[in-house]
Amino acid sequence: MLTGAIEAGGTKFVCGVGDATGSRETARIDTRDVAGTLDAVVDFFRAAQERHGAVAGFGIGSFGPLQLDPAAPDFGRITTTPKPGWAGADIPARLRAAFAVPVAIDTDVNAAALAEAATGAGRGARSLAYVTIGTGVGVGLAIDGRTVRGLGHPEAGHLLVRRHPGHGDFDGICPYHGDCLEGLASGPAIIAAWGGSLATLPADHPAWDVLADYIGQLCASLILTVAPTHIVLGGGVMQQARLLEGARVRTADRLAGYCAEWQGDVFDRRITAPGCIEPPGLVGAYMLARAAVAAG
Ligand code: ADP
Ligand code: ZN
C-alpha cells in the first residue's frame with residue numbers, strides 16, 4: 001500500500017511517498033508561512049502521485065504542541081506554538097481537502113517512538129521512549145504499538161532537573177521555565193551557555209559532563225515513570241557519539257542501583273542511538289498513515 005508521510009518541523013518539512021519497505025521518493029520543503037508551506041507540500045504529493053501512483057492515506061509526525069483529543073473542535077491543529085503564524089495551523093485538513101483520503105497526525109517524537117519500537121533500535125520493544133535533543137528537547141512514548149496521548153501529549157523535554165555545578169549561574173533559555181531540561185540542554189541552550197555547539201568544544205570542556213548528566217537525569221526519570229524497555233536518543237546534539245556513553249553512565253549513577261531491571265550491561269543495550277533506516281519520524285508517519293487507512 002502506497003502512503004504519504006510528513007515529518008513536519010519548525011525549519012523543514014520532510015515529505016515522502018512509500019510503502020512498508022520504505023520511501024520511493026522524498027522531498028525537503030523549507031518551513032515558511034503556513035499557506036506557502038502547505039501549498040508546497042500538496043504540490044509535491046500531487047507530482048509524486050503522477051510518478052508512483054495514488055496514495056491511500058497520509059501520516060504526519062509534527063512539531064507541537066498539538067491538539068490530539070479526537071473530541072476537541074481543534075483536533076489535529078497546532079495549538080500554542082511561539083512559531084509566528086503557526087498557532088492553529090491545521091495540516092491534516094489541508095491534506096484531506098486536497099486528496100480526500102484518511103489522514104492521521106501525532107507528535108514528531110511519538111511517531112519516531114512508534115518507528116523505533118517497530119523497526120528500529122528497539123525492534124519488538126513493548127515500551128519505548130524516543131528522545132530528541134535538538135532545537136528543542138522532546139520525548140515520545142510508544143507502548144504496545146500505540147503512542148501515549150492523554151490530555152495533550154507528554155512534554156518531558158520541559159522536566160525540571162537538578163542543576164549541574166559545571167553550568168555555573170547560566171539561567172537557561174526556556175521562555176516558560178528558564179532552566180528546565182530544554183532550557184539547559186537543547187542545542188540553542190548549549191550555544192547560549194558556552195558560545196558554540198558541542199561539535200566546537202574541546203573534549204575536556206565541562207559541557208560534556210553537564211550534558212551527559214542532564215540527559216542521564218531525563219533517562220532515569222523516564223525509567224522511573226514509564227518503565228520503558230528501550231530509550232532511543234536522537235536529534236542533532238546526539239550526533240556527538242560520546243554523549244551517548246556519558247548519558248548511560250549518568251543514568252546508572254542517578255538510578256543508583258534502585259531498579260532491578262537496570263543493572264550491569266543493560267544500559268548499553270537499552271539506551272541507544274536511533275536504528276531506523278530512514279529518519280524515524282518519517283518511518284513513524286508511514287505507520288500512522290497505514291493505521292489511518294486501516295481504520296477507514
Ligand atoms: P531540529 O531539532 O530542528 O529537528 P536538530 O535535531 O538537527 O534539528 O537539532 C539542531 C540543534 O542541534 C542545533 O542547535 C545544533 O547546534 C545542534 N547540532 C546539530 N548537529 C550537531 C552536531 N553534529 N553536533 C553537535 N550539535 C549539533
Ligand atoms: Zn521549559
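Start with Thr135: in this predicted model, a polar atom of the Thr135 side chain sits 2.8 Å from an oxygen atom of ligand 1. Two other polar contacts to ligand 1 go into the table with it.

| Residue | Part of the residue | Atom of ligand 1 | Distance |
|---|---|---|---|
| Thr135 | polar side-chain atom | oxygen | 2.8 Å |
| Gly236 | backbone N or O atom | oxygen | 2.8 Å |
| Gln240 | side-chain N or O atom | nitrogen | 2.8 Å |

How much of ligand 1 does the protein bury? On its own, ligand 1 exposes 570 Å², and the protein buries 63% of that. The residues around ligand 1 include Gly134, Gly187, Pro188, Ile191, Ser197 and Ala199, and Gly235, Val237 and Gln239 are also among them. Sort that shell by type and you get eight polar residues, four nonpolar ones and no charged ones.

Now for the metal. Which residues hold the zinc ion (ligand 2)? His158 and His177 each offer their ND1 atom, while Cys174 and Cys180 each offer SG, at 2.1 to 2.4 Å. The angles among these four donor atoms run from 104 to 118°, and the site is tetrahedral. Along the chain, the donors follow the spacing H-x15-C-x2-H-x2-C. Both His158 and Cys180 belong to the loop between strand E8 (146-147) and helix H4 (181-185), so this pair ties together parts that are 22 residues apart in sequence.

Are His158 and Cys180 buried or exposed? Cys180 is buried, because its relative accessible area is 0%. His158 comes out as partly exposed, because its relative accessibility is 21% and the cut-off for buried is under 20%.

Finally, some backbone oddities. Most peptide bonds are trans, and most residues other than glycine have a negative phi. Against that background, here are a few places to look up in the structure. The peptide bond from Gly64 to Pro65 is cis, with omega near 0°. You can find Pro65 in the loop between strand E4 (58-62) and helix H2 (91-99).

Which sign does phi have at Asp144? Phi there is positive, near 50°, and Asp144 is not a glycine. Asp144 sits in the loop between strand E7 (137-143) and E8, and counts as partly exposed because its relative accessibility is 48%. Ala227 also has a positive phi, near 50°. Its loop runs between helix H6 (207-226) and strand E9 (230-234). With a relative accessible area of 53%, Ala227 is exposed, because the cut-off for exposed is over 50%.

Key
Residues are numbered from 1 along each chain as its sequence is written. Chains are lettered from A and ligands numbered from 1 in the order in which they are written. This is a predicted model: local features need pLDDT of at least 70, side-chain atom pairs count only at pLDDT 80 or more; totals for chains, interfaces and linings use all residues. Side-chain values use heavy atoms; hydrogens and water are left out. Donors are N, O and S atoms within 2.8 Å of the metal (3.2 Å for Na, K and Ca); water is not among the atoms, so sites may look incomplete. Four donors count as tetrahedral if all angles lie between 85 and 135 degrees; four count as square planar and six as octahedral if opposite donors are over 155 degrees apart and all others between 65 and 115; anything else is irregular. Helices (H or I, at least four residues) and strands (E, at least two) are DSSP runs, numbered from the N terminus. Buried means under 20% relative accessible area, exposed over 50%, partly exposed in between (1.4 Å probe, protein chains only). A residue is near a molecule or strand if one of its heavy atoms lies within 4 Å of it. A polar contact is a pair of N or O atoms within 3.5 Å; within protein, one must be able to donate a hydrogen and the other to accept it, and residues adjacent in sequence count only if both atoms are side-chain atoms. Accessible areas come from the Shrake-Rupley method with a 1.4 Å probe; for residues, only the protein chains shown count as cover. Ala, Val, Leu, Ile, Met, Phe, Trp, Tyr, Cys and Pro count as nonpolar, Asp, Glu, Lys and Arg as charged, and the others, Gly among them, as polar.
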